[in-house]
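Colleague: I am new to reading protein models. Could we go through this one by question and answer?

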Amino acid sequence: MYFLYSTREKHPTFRVDLSKLFSEGIAGNSHMIDWHMQANGQSQSVVEMINECERVFVGANRNTTGLYAKIMNHLSGLRHDLGLYGLVKKNNYDFIQIRDKTFAALIGLIAAKRKGIPFYYWMSFPYPEADIFRSRDKLIHINFLLRLFYALRGYLTDWFLYSIVLPNSDFVFVQSDQMQRDVTERGISLNRTMPVPMCIDVHGLENTSLPVISDERLADRIPIVYMGTMVKVRKIDFLLKMLAEIKKIIPEVILILVGDAPEDDMKWLKGIANNLGLESDVIFTGFVPMETAWGYVNKASLCLSPFRPSFILNSTTPTKVVEYLALGCPVVANKHPDQSKVLSESGAGLAVEYSPQAFSDAVQLILTDEKLANSMRKAGPLYVKNNRDYAIMSRLLEDKYLKMLETFSKK
């Protein structure tokens with residue numbers, strides 16, 4: 001195969017799903033990809049050869065701040081997207097794929113129809129809905145003009161996406177089962193969609209040497225771990241309230257919060273811990289390398305994944321739970337379409353209501369039932385290896401492309 005892939009991610013990208021699914025997976029099997037991205041830092045428009053199977057058409061970018069620079073970079077991005085038409089006209093692509101870019105999708109769709117090749121849209125996040133939600137959310141402190149901008153952009157891109165782009169796409173890749181249901185409710189045929197959830201690199205994880213966590217504060221304690229950002233909007237104080245409940249029954253428990261946040265947010269979180277009398281029962285690691293974070297997970301008796309309920313986030317597929325399971329750690333998470341699916345199918349954890357008491361009860365159940373905890377530890381890695389490994393997902397994706405191209409050629 002030889003195809004054009006335009007994405008809103010900047011070049012060079014650090015998106016694991018792009019590198020594992022496509023660069024290592026698809027291109028690694030000798031298929032050719034022309035990437036279409038805007039530069040991450042200051043750059044002129046260039047064509048960069050990555051290897052014999054991949055090249056990147058890089059759009060210009062100003063490495064400066066301020067409103068003027070943002071406007072110019074936005075205009076540069078639109079100009080770069082217009083160039084998609086010429087690329088399709090010039091090169092013998094088997095198909096075009098656009099990820100999360102409405103204007104680029106419109107250009108790519110026109111070019112694909114003119115060239116007589118398939119057009120696929122990849123939807124990793126509901127960006128139009130997120131803009132509309134942001135414009136209405138009173139908890140977000142933004143001025144009226146910015147709120148108006150989000151509303152206008154949200155409604156405009158929503159109309160383009162669901163009225164023009166998706167109905168005319170030959171196929172739509174979505175992030176999750178929930179997103180598949182969402183787009184189906186907007187009129188897109190179920191048999192023209194396929195969920196491609198976030199996965200992990202199982203082989204890479206298995207071959208990573210995890211550091212041994214040595215901390216005297218953990219002596220004679222039962223460590224439970226949360227790994228992720230501590231920003232205030234995530235409401236991680238939820239876990240501190242949970243911990244206060246757990247310690248009434250299991251006083252040996254200690255909570256390890258692995259991650260960082262702006263100084264004011266961390267100060268706020270530590271203040272709540274102090275007010276709850278948990279100074280010696282919470283460890284704040286701050287920013288640590290991923291291998292060290294996994295080391296803490298490896299040390300844990302149980303891991304936590306609170307995911308504040310939100311319509312916008314319901315269609316995501318958080319990797320946190322998958323990483324926990326791959327490392328053989330039982331999980332307590334709140335009910336969320338993908339988290340619930342993974343824990344139900346794997347039997348490696350519990351999905352409960354989003355409340356400190358529900359989390360507390362679930363944590364106590366696992367920590368006091370050794371047989372249950374051991375079965376969860378064994379179930380997690382096996383499930384991830386069979387269902388959420390990028391190597392397997394890449395093969396499924398490659399097979400889907402080839403079958404669709406075969407069907408298209410027979411029309």
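**Two crossing helices**

Modeller: This is a predicted model. The axes of helix H13 (residues 356-368) and helix H14 (residues 370-387) cross at roughly 95 degrees and come within 5 Å.

Colleague: Is H13 roughly parallel or roughly perpendicular to H14?

Modeller: Two packed helices are described by the angle between their axes and the distance between the axes. Here the axes cross at roughly 95 degrees. Angles of 65 to 115 degrees count as roughly perpendicular. So H13 stands to H14 as roughly perpendicular.

Colleague: Which residues of H14 does H13 meet?

Modeller: From H13, the residues in this contact are Leu365, Ile366 and Thr368. By class, the contact has 5 nonpolar, 1 polar and 1 charged residues. On the H14 side, the partners are Glu370, Leu372, Ala373 and Met376.

**The sheet of 8 strands**

Colleague: Which strands are the edge strands of the open sheet of 8 strands?

Modeller: The order in this sheet is E3-E4-E2-E1-E5-E6-E7-E8, with mixed pairing. An edge strand pairs on one side only. That picks out strand E3 (46-51) and E8.

Colleague: Which residue of E6 is the bridge partner of Gln97?

Modeller: Strand E5 (residues 95-99) pairs with E6 in the parallel sense, over 4 bridges. In E6, the residue that partners Gln97 is Tyr120.

Colleague: At what angle does helix H2 run to E2?

Modeller: Helix H2 (residues 67-90) lies across strand E1 (2-7), strand E2 (32-38), strand E4 (54-59) and E5. H5 also packs on the sheet, where it touches E6 and E7, and its direction makes about 140 degrees with that of E6. For H2 against E2, the angle is about 155 degrees.

**Two helices with buried residues**

Colleague: What covers the buried residues of H6?

Modeller: In helix H6 (residues 177-185), the buried residues are Gln178, Met179, Gln180, Asp182 and Val183. Their cover includes three strands and two helices, namely strand E6 (119-123), strand E7 (171-174), strand E8 (193-195), helix H5 (144-168) and helix H12 (337-346).

Colleague: Which helix do the buried residues of H4 pack against?

Modeller: Helix H4 (residues 127-136) has Pro128, Glu129, Ala130, Asp131, Ile132 and Ser135 buried. These buried residues pack against H5.

**The sheet of 6 strands**

Colleague: Why is one side of E11 and of E14 left without a neighbour in the sheet?

Modeller: This open sheet has the order E11-E10-E9-E12-E13-E14, with parallel pairing. Strand E11 (282-286) and strand E14 (349-352) stand at the edges, so each has a single partner strand.

Colleague: Which residue in E12 does Ile224 stand opposite?

Modeller: E9 pairs with strand E12 (residues 302-305) in the parallel sense over 3 bridges. H8 packs on this sheet, touching E9, strand E10 (253-258), E11 and E12. The direction of H8 makes about 165 degrees with that of E10. Opposite Ile224 in E12 stands Leu302.

**Nonpolar cores**

Colleague: How many residues does the largest nonpolar core have?

Modeller: In soluble globular proteins, nonpolar side chains tend to be buried together. In this model, the residues with the most contacts inside the largest core are Leu239, Leu257, Leu304, Leu325 and Val332. Val332 touches residues including Leu302, Leu304, Phe359 and Ile366. The core has 65 residues.

Colleague: How many residues are in the other core?

Modeller: This core lies apart from the largest one. Its members include Tyr5, Phe95, Trp122 and Phe173. The number of residues is 30.

**Backbone details**

Colleague: Is the peptide bond from His11 to Pro12 cis or trans?

Modeller: Most residues other than glycine have a negative phi, and most peptide bonds are trans. Pro12 is found in the loop between E1 and helix H1 (16-26). Omega from His11 to Pro12 is near 0 degrees, and the bond is cis.

Colleague: Is Ser30 buried or exposed?

Modeller: Ser30 is found in the loop between H1 and E2. Its phi is positive, near 75 degrees. Exposed means over 50% relative accessible area. At 56%, Ser30 therefore counts as exposed.

Colleague: And what is phi of Lys235 near?

Modeller: Lys235 is found in the loop between strand E9 (222-227) and helix H8 (237-246). At 40% relative accessibility, Lys235 counts as partly exposed. Its phi is positive, in a residue other than glycine, and is near 55 degrees.

Key. Residues are numbered from 1 along each chain as its sequence is written. This is a predicted model: local features need pLDDT of at least 70, side-chain atom pairs count only at pLDDT 80 or more; totals for chains, interfaces and linings use all residues. Side-chain values use heavy atoms; hydrogens and water are left out. Buried means under 20% relative accessible area, exposed over 50%, partly exposed in between (1.4 Å probe, protein chains only). Contact means heavy atoms within 4.5 Å. Two strands pair if DSSP finds at least two bridges between them. Axes are lines fitted to C-alpha atoms, for helices over the stretch in contact, and angles run from 0 to 180 degrees between N-to-C directions. Angles under 35 degrees count as roughly parallel, over 145 as roughly antiparallel, 65 to 115 as roughly perpendicular and the rest as oblique. Ala, Val, Leu, Ile, Met, Phe, Trp, Tyr, Cys and Pro count as nonpolar, Asp, Glu, Lys and Arg as charged, and the others, Gly among them, as polar. A nonpolar core is a set of buried Ala, Val, Leu, Ile, Met, Phe, Trp, Tyr and Cys residues joined through side-chain atoms within 4.5 Å. Lists of a residue's contacts leave out its neighbours within four places in sequence.
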